[in-house]
Amino acid sequence: MKIHRINPCKRWSDITIFNGIAHFVEVPECDLSAGIQEQTRQVMAQAEAALAKIGSDTGRLLSVTIYLTDFANLPAFNEVWDEWFPENTAPSRACVKAELANPGYLVEMAFVAAAGDEYQG
């Protein structure tokens, strides 16, 4: 089966798809002075754009690994998370406290999603 790599470069690909399952990571790319809720919204908007590129949407998310630099931010993060998904449509998730590559990042999210028909098989 073919491996699809969206925007590959030497160090990473923006999205990697195998057997119809897409993997990608998003970090806040706009305003690193923003608080956890705004950084989370940035990441979610970027994720929606990535999903659209592969014929998918948030309803096809399978799992998300959330990396937070401070668990004190978890309640505020969860408020934004809960707003993002209609009732009973959230994917499985794990939440990890981590030191991120850029000290301005408060959140990083790794997504796994079912890609659109073009990427099946």
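In this predicted model, strands β4 (residues 61-68) and β6 (residues 107-114) are paired antiparallel, with 7 bridges between them. Two positions help to locate this pairing by eye: I66 has M109 of β6 as its bridge partner, while Y67 stands opposite E108 of β6. Strand β4 also pairs with β5, and here the two strands run parallel and are joined by 6 bridges. Within this second pairing, L68 is the bridge partner of K97 in β5.

These pairings belong to an open sheet of 6 strands with mixed pairing, and a reader tracing the sheet will meet the strands in the order β1-β2-β3-β6-β4-β5. The edges are held by β1 (3-8) and β5 (92-97); each has a single partner strand, so one side of each has no neighbour in the sheet. With direction ignored, the average turn between neighbouring strands of the sheet is 15°.

Two helices pack on this sheet. Helix α1 touches β1, β2 (13-18), β3 (21-26), β4 and β6, and its direction makes about 25° with that of β6. Helix α2, in turn, touches β4, β5 and β6, and its direction makes about 160° with that of β4. Strands β4 and β6 are thus touched by α1 and also by α2.

The helices also pack against each other. The angle between α1 (residues 36-53) and α2 (residues 74-84) is about 35°, and their axes are 8 Å apart. The crossing of α1 past α2 is right-handed. On the α1 side, the contact is made by I36, Q37, T40, R41, M44, A47 and E48, and on the α2 side by A76, F77, E79, V80, W81, E83 and W84. By character, the residues of this contact comprise 8 nonpolar, 4 charged and 2 polar.

Aromatic side chains deserve a closer look. Across the whole structure, 6 aromatic pairs are found. One aromatic cluster is formed by F24, F77, W81, W84, F85 and F111. Among these cluster residues, F77, W81 and W84 also take part in the contact of α2 with α1. W81 has a further partner: the charged end of R93 sits over the W81 ring, at 4.9 Å from the ring centre. W81 therefore offers a handy landmark when viewing the model, as a residue of the helix contact, a member of the aromatic cluster and the ring beneath the charged end of R93.

How values were computed: Residues are numbered from 1 along each chain as its sequence is written. This is a predicted model: local features need pLDDT of at least 70, side-chain atom pairs count only at pLDDT 80 or more; totals for chains, interfaces and linings use all residues. Side-chain values use heavy atoms; hydrogens and water are left out. Axes are lines fitted to C-alpha atoms, for helices over the stretch in contact, and angles run from 0 to 180 degrees between N-to-C directions. Helices (H or I, at least four residues) and strands (E, at least two) are DSSP runs, numbered from the N terminus. A crossing is left-handed if the near helix is turned anticlockwise from the far one by less than a right angle, and right-handed if clockwise. Contact means heavy atoms within 4.5 Å. Ala, Val, Leu, Ile, Met, Phe, Trp, Tyr, Cys and Pro count as nonpolar, Asp, Glu, Lys and Arg as charged, and the others, Gly among them, as polar. Rings of Phe, Tyr and Trp (its six-membered ring) pair if their centres lie within 6.5 Å; planes under 30 degrees apart count as stacked, over 60 as edge-to-face and the rest as tilted. A charge sits over a ring if NZ of Lys or CZ of Arg is within 6 Å of the ring centre and within 35 degrees of the ring normal. Two strands pair if DSSP finds at least two bridges between them.
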